[in-house]
Structure formats: C-alpha cells, structure tokens
Amino acid sequence: MNNAKAIFISYRRSNSTDITGRIYDRLAAHFGEASVFKDVDSIPFGVNFRHHLEQAVSYCPVLLAIIDPNWLEATDNRGRLKLANPSDWVRVEIETALKRDRLVIPVLVGDAMLPNETELPDSLKALAYRQSAPVRCDPDFHRDLDRLIHRVEEVFSSLVVGGASTAVAKPAANLIDELVAALAKANQPAQTPTLSRRRWLRLMGLGVLGGGSAVAMRYREPALQALATVDIPATVSDLSTLPKRVQQAVDQLDSSSASWATDAPSSSAATEPPGPYTYESVNVNEFGVKVAQVKFATSAYQELMLDGPHGPVILPLVAIAGGQFVFGAPPTEPGYDPSHPVQTIATVESFWMSIYPITQAQWQAVAMLPTANLDLSPTPAQVKGDDHPVEQVSWPEAMEWCDRLSRLIEHRAGQGIATQPPLSNLRLPTEAEWEYACRAKTTTPFHTGLTLTTGLANYNGSQPYRQEPVGLFRGTTTAVGSFGNANDFGLYDMHGNVLEWCSPIGDARRSATWQVVRGGSWQSPAEQCRSAYRQGLRADTRSNQVGFRIVATGRTPAPS
C-alpha cells in the first residue's frame, strides 16, 4: 500500500473492534479503501512480522492510535501487560511511526484518557505529548469524525512524503527568464528610479523543491521577499537550456554591478562596503517537517569594527525596512496568555539591528571603552565563549553598553571615520521593533512556521509545542548563529539561546524597576520562545538566560 495519502489504524482487536470498524468505514468512504490500512491478517506466513509492520507503517504519513479505556491494562493470555512486550504488535506500530516522524494522533474512544508519560514504555513516551482526537458514540460520532478527517486532510496538504512536498502544488517555470527580465529592467534607470545600483539583484542559486520536480529561485530585497510562491507559474518549462540561461543571467549581473560603489557618498574616510550578506531561512509545518527553504542576499548590511583585547571584533548589522504588522498573539495560538496585551496593529520605522545577540567578544570590546554612567565587567558571562551570547548583564548594564558604543560611533564620525550609511542612536529595541524583526512578515507563532524544533533553535525541547518529535535540552547557551538558519530578515537566534532585553518606547524610563525580555532562552519551553511571548524581569536581574541585541537608526533602503 504505497500511497502518499495513507492512514494506518493501530488498535487492539480485543477491546475496540466495533468503534474502529466505524472509524475505518468513514475514513475509507472519504479517502478510499486503498488509503486506509487497518488489519494485519494479510501478513504472510514465515515472514518477519516486525519488518512487515514497519514497512506498512512507513508507507503511511498518518497513524491513528485507537486508545480505549483498557488500552494500558490489556494483557496477554499469561496475564502480562501487552505494552510491556517489545514484540506487541500495537507497540511496534506506534514505535515505528514515532521513530519515523509520522504524524501519530491518539484517538480516544469510550471516554478514554490520554496516557501519562510515566505509564508508557520509553519508546512510546512521546505519545503522551501528541494532540489527541476524541471520538465519542452517537450522536457525536460523525461530528467528531468530521473534525478528524479535516485534520488528516491538513496533514496530506502539507506533509513532505518521499522527498516531495505536497504543499508545493504549483511547480516553477521560467524563473530564470524572470530573473533575466528583472536584471534587464534594473539596467533602465529611467524606468526604475527606486532601484539604485546599491540595491542590486544578486543571483543566489537554485533551490530544487520536490525531488527535482520544481525549481524555485528567490532573491532578497532588503526587508522584502521579491518572489512569492503564488507568483510562480503553474507550468514547467523545458529545463534543458537552464545552464546557458543561468550563465546569461550571471553575465548580465556582473556587468550591471560594476558601478555599484559609485552610489556611496564620496568621503576620504569611507570604507569599502562589505560584500552582500547571504543567508537561508526555513519553514516547518506543525510536525516539525521542513516544507520550505529559501536563500537570500542583501547589500543592506554593514559591519562595525571594534578593537577587542585579542584583535578586531566585528559587529554585523542588517537593515530592516519599517512597516505595519499585527502585534501580539491571537487567543487561538497555543500558549496564549490572556494577561498579555490584546492584538493590535503596530507601526515601526526603518532601523538597523544586530544580526546576532551581542557576543562576549563584542561585549568585552565595548566594556573596555570609557565609562558613560556605570562600570561594566568585561567578562560577566557564566558560560564562557567569545562567540557565545553575553549573559549575566542587567538592563542598566545593557543600556550602558549601548551608550558607550554610541559615543564611539560619534567620536569616529567627528574624526571623519563614519559608517556608511551613518548610524546613530544605538540602543535596545522597543518591544514593537523586536517583535516586528522576529516575525519577519510572518503571522505564525514562530518565524519558522507553526512550531519550532531543536534542530533550528536552542531551547528546552523536552515538551513539544505541537506535533513535532521530542527535542533536546542542551542545558547551556550555544554559539550565536550555530544552527545556520536565519529568519527572512537575516536575523539569527530570535527564538531561544538567550532572552533579550527591550526598552520602553522612546527609551525614556531608564530607571524603571521592571523591564521586558523577549525571545526565550536555552532553558525556555517552545511556547515561551514564540514571537509574541513577553516576560517581565526586574531591571537589575543578572541571569545566565538573559542577554540582548541592539538597534540603530540610519538611512535604510526604501521598501519597493
């Protein structure tokens, strides 16, 4: 039964045959008999039944575990608990589905309760954290099955099966032609006054989606994604000319970008701008399965050079074009806290933001500068590492660090050594700026999508947020950017690693007793790493979970 839309029903024939039969009939009528696997009577004599079951489960992206009130206590003919037997068929089925990251939905029948983790064998403990679906007797049976069928349909529309994402319904076509046309348009300044040489297009490469069935290319305008999935044509063109067309696009790009530096303000002290900043973002569905990966590039990027005790230290920043967004979480979002402010439309102006939380090397370089208002320890962090985020810094100390860095930038500008474009007012982000930057135009709980995994961020993954597998709890900070994936604005570690101090609007209440932190830490569960999650801490708190990142004002590319 090798069917991309297949459902495996795991149940105990001695306890729940009747209700399982009714469930099977409804599913088979909706999805087709060939898409629903229920009985194991067809296992041939002499074969390894474990391998046979594992193969059957592997064909199905969805497994329904029918749990009746006696499911945990079911015994064999010798009075032993069936679940305690590693060869128990039901145990093998669910183990296989969990191990292969299939969606496992506990279906609770007969008023059964979802088992507690402590009641399950180690190999089945993840089942205790799966969202369950109750199926009651009449008159609620068909209503409950309708909800279950709708849920399974959502899975079939988003799961990656056999390396091909069913979410990518429309394959790409003529994308290189679109790129060439965009480059040709960029060479006509009279028709495109907003596209300066400084905001040139960069060919990022080809992302092959769906096991080679579709090709998607996207390029990065500062703070904007120029090519959306809905813009991809529905028909696939002949790709035999692809290498030649790519080379033509690159040749045009190279010739058109030769005069890029002429847009920079002329100054004897101006330094050559860094090359384009490139990064990748990923998106996962609620099962933690990657459904999209996009490469980006932007020239809206600059590096502040600091003098550390062991040599130069770089502090990279990226420009974020301002705009409006929905601030806060909807009441339907898992983890929603009704004590938090209600959703509202917020507006932020354009700003620059540090790509990573401030590292220990960056902290030390600035902490060595003359005092503005407070003394700073050059090495406050508990977990040592130059590329690890600084922690154990209070809110006033983070503010002092920003003040010292601002003074350094002003001093350099007075000596004719200005950043390009000039930066000013280096400070902590407001809550609106932080959430806008974290979301990066998304409305999901995380910028990664519907959930988070410990393969994408450093947090306490022992309790899954939705249907993703149980993750790691590392128990410490990790080097910034070590997971290799940013959000669509090019920012790393917005979820987890360290909580980040924010500032009140206008940066006016410097003496406030309580301040807000955002983003979650290495010790936070996933729900506390959401884009909308906020937490109040005393301003004098020093914790190995709390760090910060900075923002600055300065000319940023206008959105197109």
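Colleague: Is the crossing of α7 and α8 left-handed or right-handed?

Modeller: In this predicted model, the crossing of α7 and α8 is left-handed. The contact is made by Gln362, Trp363, Val366 and Ala367 on the α7 side, and by Glu397, Trp401, Arg404 and Leu405 on the α8 side. By character, these residues divide into five nonpolar, one polar and two charged.

Colleague: At what angle do helix α7 and helix α8 pack?

Modeller: Helix α7 covers residues 360-367 and helix α8 residues 395-414; the angle is about 65°, and the axes are 9 Å apart. That makes α7 roughly perpendicular to α8.

Colleague: How many residues of α7 are buried?

Modeller: A residue counts as buried when its relative accessible area is under 20%. Eight of the eight residues of α7 meet this condition, so the helix is largely enclosed by the rest of the structure. Among them are Gln360, Ala361, Gln364 and Ala365. The cover over the buried residues of α7 includes β14 (301-308), β15 (311-320) and α8.

Colleague: Turning to the strands, in what order do the five strands of the open sheet lie?

Modeller: Strands of a sheet pair through backbone hydrogen bonds, either parallel or antiparallel. Here the order is β2-β1-β3-β4-β5, with parallel pairing. The edges are held by β2 (36-37) and β5 (133-135); each has a single partner strand, so one side of each is left without a neighbour in the sheet. Helix α1 (residues 13-31) packs on this sheet and touches β1 (7-10), β2, β3, β4 and β5. The direction of α1 makes about 175° with that of β1.

Colleague: How many bridges join β4 to its partners β3 and β5?

Modeller: Strand β3 (residues 62-67) pairs with β4 in the parallel sense over six bridges, while three bridges join β4 to β5, again running parallel. Leu108 of β4 is a useful residue to locate on the display: Ile67 stands opposite Leu108, and Leu108 also stands opposite Pro134 in β5.

Colleague: Which residues lie on each side of β4, and are they buried or exposed?

Modeller: In a regular strand the side chains alternate between the two faces of the sheet. In β4, Leu103, Ile105, Val107 and Val109 are on one side and Val104, Pro106 and Leu108 on the other; all are buried, and both faces are covered. Strand β4 (residues 103-109) is thus mostly covered, with seven of its seven residues buried.

Colleague: A question on the backbone: which residues are joined by cis peptide bonds?

Modeller: Most residues other than glycine have a negative phi, and most peptide bonds are trans. A cis peptide bond joins Asp138 and Pro139, with omega about 10°; Pro139 lies in the loop between β5 and α4 (141-158). The bond from Gln420 to Pro421 is also cis, with omega near -5°, and Pro421 lies in the loop between α8 and β19 (423-427).

Colleague: Where is Asn425 placed, and what is its phi?

Modeller: Asn425 is in strand β19. Its phi is near 55°, a positive value in a residue other than glycine. At 41% relative accessibility, Asn425 counts as partly exposed.

Colleague: Does Ala440 count as buried or exposed, and where does Ala440 lie?

Modeller: Ala440 counts as buried, at 2% relative accessibility. Ala440 lies in the loop between α9 (431-439) and β20 (499-501). Although Ala440 is not a glycine, its phi is positive, at about 50°.

Notes. Residues numbered from 1 in each chain as written. Predicted model: local features only at pLDDT ≥ 70, side-chain atom pairs only at ≥ 80, totals over all residues. Heavy atoms only, no water. Axes fitted to C-alpha atoms, helices over the stretch in contact; angles between N-to-C directions. Helix = DSSP H or I, 4+ residues; strand = E, 2+ residues; numbered from the N terminus. Parallel < 35°, antiparallel > 145°, perpendicular 65-115°, else oblique. Left-handed = near helix turned anticlockwise from the far one by under 90°. Contact = heavy atoms within 4.5 Å. Nonpolar A, V, L, I, M, F, W, Y, C, P; charged D, E, K, R; others polar. Buried < 20%, exposed > 50% of the residue type's maximum accessible area, 1.4 Å probe, protein only. Pairing = 2+ DSSP bridges.
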